[in-house]
Protein chains: 2
Amino acid sequence: MSEKPPDFTKPYSTVDLVIFTVRDDALSVLLVQRANAPDEPYPLRWALPGGYIDVDRDFDLLDCAKRKLKEKTSLVSPYLEQLGSFGDRERDPRGWSITQVYFALVPSSEIRLQAGANAIDARWFEIGSGETKVRERLAFDHERILTAAIERLRSKVEYTSLPAYLLPEEFTLSELQHIFEIVLARRLDKSGFRTRVLDAGLITKVPRVRRATNRPAQLYRLKDRSAPLVFPRTLGAKN
Amino acid sequence: MSEKPPDFTKPYSTVDLVIFTVRDDALSVLLVQRANAPDEPYPLRWALPGGYIDVDRDFDLLDCAKRKLKEKTSLVSPYLEQLGSFGDRERDPRGWSITQVYFALVPSSEIRLQAGANAIDARWFEIGSGETKVRERLAFDHERILTAAIERLRSKVEYTSLPAYLLPEEFTLSELQHIFEIVLARRLDKSGFRTRVLDAGLITKVPRVRRATNRPAQLYRLKDRSAPLVFPRTLGAKN
DNA sequence: CTCAATAGTTGTAGTGTGCAACTAAGTAAG
DNA sequence: CTTACTTAGTTGCACACTACAACTATTGAG
């Protein structure tokens with residue numbers, strides 16, 4: 001590991017979050033507006049929520065990410081996974097810095113936004129169905145990070161049941177399929193979707209139905225809300 | 001991003017490498033033995049090669065990883081991808097530290113090992129076909145990191161042509177299949193493997209054959225030695 | 001009672017895979 | 001020169017899975 005003494009110049013380390021949800025049938029990401037302080041870089045620009053690691057409070061990186069997620073959304077245990085780290089000399093004008101990026105999936109129904117310490121506002125931004133396309137110019141290298149996160153989300157959705165975390169705990173198969181279609185930005189075949197999802201054994205029936213002005217729909221929930229949720233093969237094509 | 005001033009206590013940041021190769025039909029990983037210095041943690045223990053980020057020399061994380069790879073193996077451009085970061089309060093006795101881990105695939109034929117600054121020896125260790133099973137107790141949390149790297153490698157091999165990077169630039173389909181079988185620790189079907197690999201269009205013929213004491217074999221090479229190399233679906237089962 | 005709407009199932013053609021046998025092309029030995 | 005051996009590469013078939021489309025089921029509204 002070491003080849004220089006530990007008192008060698010250290011880069012700054014932050015943890016940032018890409019928090020996804022689906023609102024009004026659109027995949028959206030949470031951004032915060034940076035403060036207008038004189039010594040803060042990128043004042044008033046929109047950025048991914050995040051901040052410095054608190055070596056006293058945070059035991060590890062995931063801890064730190066959880067803390068920041070809770071600060072922003074008051075949510076405790078949705079899906080949270082490491083996306084990767086981005087570090088170079090220029091991304092922060094204050095010097096060599098590294099950000100550890102985590103990405104989270106939250107159900108839109110259960111969140112109340114809170115702006116953080118250095119942020120003056122927090123808002124959901126829709127992601128253009130085709131590409132990245134948050135219309136704002138983001139602070140730091142967050143544009144690039146967001147693009148990577150979207151790419152990762154889309155590719156994982158092909159072979160996992162991740163989008164279930166974007167729904168409340170109980171959901172119908174139609175709702176699940178709808179969320180998949182939103183994230184993937186393409187239609188899926190109904191019968192294929194159902195057999196695939198059910199055969200994978202990731203969800204189970206709950207003894208309840210969702211009633212509307214038509215045939216009631218069976219409700220399901222994730223079997224294990226903390227498992228990786230991989231199913232074999234990929235998803236099918238358009239309907 | 002920020003919520004504490006930039007002069008807030010920073011964690012140590014290092015970059016470590018998991019360098020894989022295949023030697024004598026066994027997947028192997030490069031480890032270095034730590035120096036026996038009084039102020040160095042884990043003296044004489046085996047560890048993943050790596051070290052501190054040099055904020056003056058390294059422009060970004062990948063740069064830093066490339067530099068360290070070159071120092072250890074004198075190789076310049078094989079496969080190098082980010083595995084993830086591991087950071088907590090206890091992994092290094094000197095304090096809160098984060099390591100950015102990259103993993104590399106190199107052809108065993110083209111390497112000459114070099115021990116680094118803080119290492120007194122560098123050696124290849126075979127990975128037990130089933131599990132992790134490098135018999136040594138590794139320094140820091142490197143055991144855990146290595147396990148994660150092996151898992152990532154195996155899972156990516158199911159749907160990418162990554163193992164091609166473990167071979168020299170030109171190879172036969174039989175050699176490629178053999179390398180796949182070593183990494184996956186299971187047999188593959190010949191005809192299925194061939195159609196899959198060729199249909200994916202990731203490799204092209206070179207107008208040469210490999211001659212031995214039997215039927216000569218067509219040589220191939222990767223079409224784009226820097227591309228991600230994903231092919232659809234997963235690999236088949238045993239032969 | 002009928003209609004509209006969504007839930008959920010069934011049927012079929014085509015494609016991909018697993019498995020195994022087969023052919024091809026060279027070397028080496030007698 | 002011929003035969004045997006070895007590895008390269010192909011072919012064929014049964015089976016499973018998928019895409020696509022049509023069908024049935026169950027409710028509320030009017």
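I start with a word I need today: a residue is buried if its relative accessible area is under 20%. I also remind myself that the structure I am reading is a predicted model.

**Entry 1: aromatic rings**

I searched the whole structure for aromatic pairs and got 15 over all chains. I picked one to look at, A:Phe20 with A:Phe103: the ring centres are 5.9 Å apart and the planes meet at 80°, so I wrote the pair down as edge-to-face. The cut-off behind that name is an angle over 60 degrees.

Where do A:Phe20 and A:Phe103 lie in chain A? I found A:Phe20 in strand β1 (residues 12-23) and A:Phe103 in strand β6 (residues 97-105), so this pair ties together parts that are 83 residues apart in sequence. Are A:Phe20 and A:Phe103 buried or exposed? Both are buried.

Then I turned to chain B. B:Phe20 and B:Phe103 make an edge-to-face pair, with 5.9 Å from centre to centre and 80° between the planes. Here B:Phe20 belongs to strand β1 and B:Phe103 to strand β6 of chain B, 83 residues apart. I checked burial too, and B:Phe20 and B:Phe103 are both buried.

Back in chain A, I noted that A:Phe20 and A:Phe103 join A:Tyr79 and A:Tyr165 in one aromatic cluster.

**Entry 2: lysines over rings**

Next I looked for charges over rings. I found A:Lys10 over the face of B:Tyr12, 4.0 Å from the ring centre. I also found B:Lys10, whose charged end sits over the ring of A:Tyr12 at 4.1 Å from its centre.

**Entry 3: A:Gln100**

I moved on to A:Gln100, which is part of strand β6 of chain A. Its relative accessible area is 0%, so I list A:Gln100 as buried. Which side chain does A:Gln100 reach by a polar contact of 2.6 Å? It is that of B:Ser85. Leaving aside neighbours within four places in sequence, I listed the contacts of A:Gln100; among them are A:Thr14, A:Asp16 and A:Leu61, and from chain B there are B:Ser85, B:Ile98 and B:Gln100.

**Entry 4: helix α1 of chain A**

A:Leu61 led me to helix α1 (residues 61-73) of chain A, which has 13 residues. I read off 18 Å from its first C-alpha to its last, close to the 18 Å expected. Its buried residues include A:Leu61, A:Cys64, A:Arg67 and A:Lys72.

I finished with the two ends. At the N-terminal end, A:Asp60 is the cap, with a side-chain oxygen 3.3 Å from the backbone nitrogen of A:Leu62. After the helix comes A:Ser74, and I noted its positive phi, near 55°.

Methods:
Residues are numbered from 1 along each chain as its sequence is written. Chains are lettered from A and ligands numbered from 1 in the order in which they are written. This is a predicted model: local features need pLDDT of at least 70, side-chain atom pairs count only at pLDDT 80 or more; totals for chains, interfaces and linings use all residues. Side-chain values use heavy atoms; hydrogens and water are left out. Rings of Phe, Tyr and Trp (its six-membered ring) pair if their centres lie within 6.5 Å; planes under 30 degrees apart count as stacked, over 60 as edge-to-face and the rest as tilted. Helices (H or I, at least four residues) and strands (E, at least two) are DSSP runs, numbered from the N terminus. Buried means under 20% relative accessible area, exposed over 50%, partly exposed in between (1.4 Å probe, protein chains only). A charge sits over a ring if NZ of Lys or CZ of Arg is within 6 Å of the ring centre and within 35 degrees of the ring normal. A polar contact is a pair of N or O atoms within 3.5 Å; within protein, one must be able to donate a hydrogen and the other to accept it, and residues adjacent in sequence count only if both atoms are side-chain atoms. Contact means heavy atoms within 4.5 Å. The expected span of a helix is 1.5 Å times one less than its number of residues.
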